[in-house]
Amino acid sequence: MQTKHQKLKAYFVELFQQEPLLVKSPGRVNIIGEHTDYNGGFVLPGAIDKAATVALSLRNDDEIHLVALDLNEKFTCNVASLKPVADINWPNYMLGSAAQFVKRGVKLPGFNAVLSSDVPMGAGLSSSAAVESAVVFGLNELLQTKLDRITMVEMAQKAEHEYAGVFCGIMDQFASIMGKKDHLMKLDCRNLSYEHVPFKLEGIKILLLNTNVKHSLASSEYNTRRKECMQAVVWIQAHHPEVTSLRDVTLEMLNKHVLPKNKTIHQRSRFVVEEINRLITGCEDLQKGDINALGKKMFETHDGLSNMYGVSCKELDFLVDFVKNRNEVIGSRMMGGGFGGCTINLVYENTIEQLIADIKPAYENAMGLQLDYYIASIENGSEII
Ligand code: GLA
């Protein structure tokens, strides 16, 4: 039987009569540190065993031919007229990535690209960053631009800003390109320094529960949250000019300079300041092997994301509430931008089957939506296949 990579390659060869380069870039999980990346804080992501795979080849003309194999959709344009397209998302992730080479002064010829991905879309697992990362990584190889991985991370992030209109932080593209098997990355988003944190817990698995709520609000509300955080920084800067992001801010500063001005913005920024601290102490828990303390913090993160940061939804809250008092679940919270997608759960492996048997019908009855689940393993980042 053909593997999915063989299938992708065979499809490509038949369509374009060329041998493609195959690149794989994964989705990600994030254990703790949510909505902290664009605030100069820390995150703790890892790349997972679900990935976007892109088959690519250069052309002798100026044409760009894109195919989304799983959607059975095609898109064609020219290098000379590269710009974001309205109404469909997936070409933008690919075009935005290609555009970054042009911006760097690289001579970009036309190219062919066929995409296939098993990162579920809109599930908070960074399906778009996986595509952007794969295209940047693949074009770097084909064009022999010899860019280092961090530069590629930044280019993939720019693709999302400029072509998808979401002013995301650096976490997703970083995890996709820099991932290391069985390791998380403690990334300092202020200067992109990072350390690999071993993450292989005996008898414990990462269980993702997918609400199947597509986060339609996510991009507009995401950009709003980002502005709210910036507003808090501007108010504080009037008194503390040395402050450049919420990373430099204390709860005292927030109480003094933000609370009197706007309660909502105070709540938002307080969550971020607390979350940055939670991550730092959560990493210490991990180092000490105190997984229960880390799990407790994940529940606190969820609480803050739901009640202070305002990016949860009733379906995510339902899933976290359901597991809260079950001893077999060490920690649980919504993950990613919010408004839908998955919860991430640290669960004792031998109890997963029973948990699913209980939570799936309960969720489906209460919410009228299907509950999907995946057990995620932590894998390497972008690679040529
Ligand atoms: C999305 C963004 C990331 C990050 C998370 C929230 O996944 O792409 O940059 O901000 O939301 O932590």
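This section describes the domains of a predicted model and the surroundings of its ligand.

The protein chain is assigned two domains, with domain 1 covering residues 4-200 and domain 2 covering residues 204-376. Their C-alpha centres are 25 Å apart. In the contact between them, 38 residues come from domain 1 and 44 residues from domain 2.

The ligand takes up the space of the largest pocket. Both domains contribute to its shell, each of them with at least three residues. Around the ligand are Arg 28, Glu 34, His 35, Asp 37 and Tyr 38, together with Cys 168, Gly 169, Met 171 and Asp 172, and further along the chain Tyr 222, Gly 336 and Gly 337. By residue class, the shell holds 4 nonpolar, 4 polar and 4 charged residues. Glycine is counted here among the polar residues, whereas tyrosine and cysteine are counted as nonpolar.

Polar contacts to oxygen atoms of the ligand involve both side chains and backbone. A polar side-chain atom of Asp 37 is placed 2.5 Å from a ligand oxygen atom. For Asp 172, a polar side-chain atom is found 2.6 Å from an oxygen atom of the ligand. At His 35 a polar backbone atom takes part, at 2.6 Å from a ligand oxygen atom. These pairs count as polar contacts because the N or O atoms lie within 3.5 Å. The ligand on its own would expose 310 Å², and the protein buries 92% of this area.

Conventions:
Residues are numbered from 1 along each chain as its sequence is written. This is a predicted model: local features need pLDDT of at least 70, side-chain atom pairs count only at pLDDT 80 or more; totals for chains, interfaces and linings use all residues. Side-chain values use heavy atoms; hydrogens and water are left out. A residue is near a molecule or strand if one of its heavy atoms lies within 4 Å of it. A polar contact is a pair of N or O atoms within 3.5 Å; within protein, one must be able to donate a hydrogen and the other to accept it, and residues adjacent in sequence count only if both atoms are side-chain atoms. Accessible areas come from the Shrake-Rupley method with a 1.4 Å probe; for residues, only the protein chains shown count as cover. On a 1 Å grid over the protein atoms alone, a cavity is a set of points where a 1.4 Å probe fits but cannot get out, and a pocket is an open set with protein on both sides within 12 Å along at least five of seven lines; lining residues have an atom within 4 Å of a point. A molecule sits in a cavity or pocket if more than half of its atoms lie within 2 Å of its grid points. Domain bounds come from an automatic or database domain assignment. Contact means heavy atoms within 4.5 Å.
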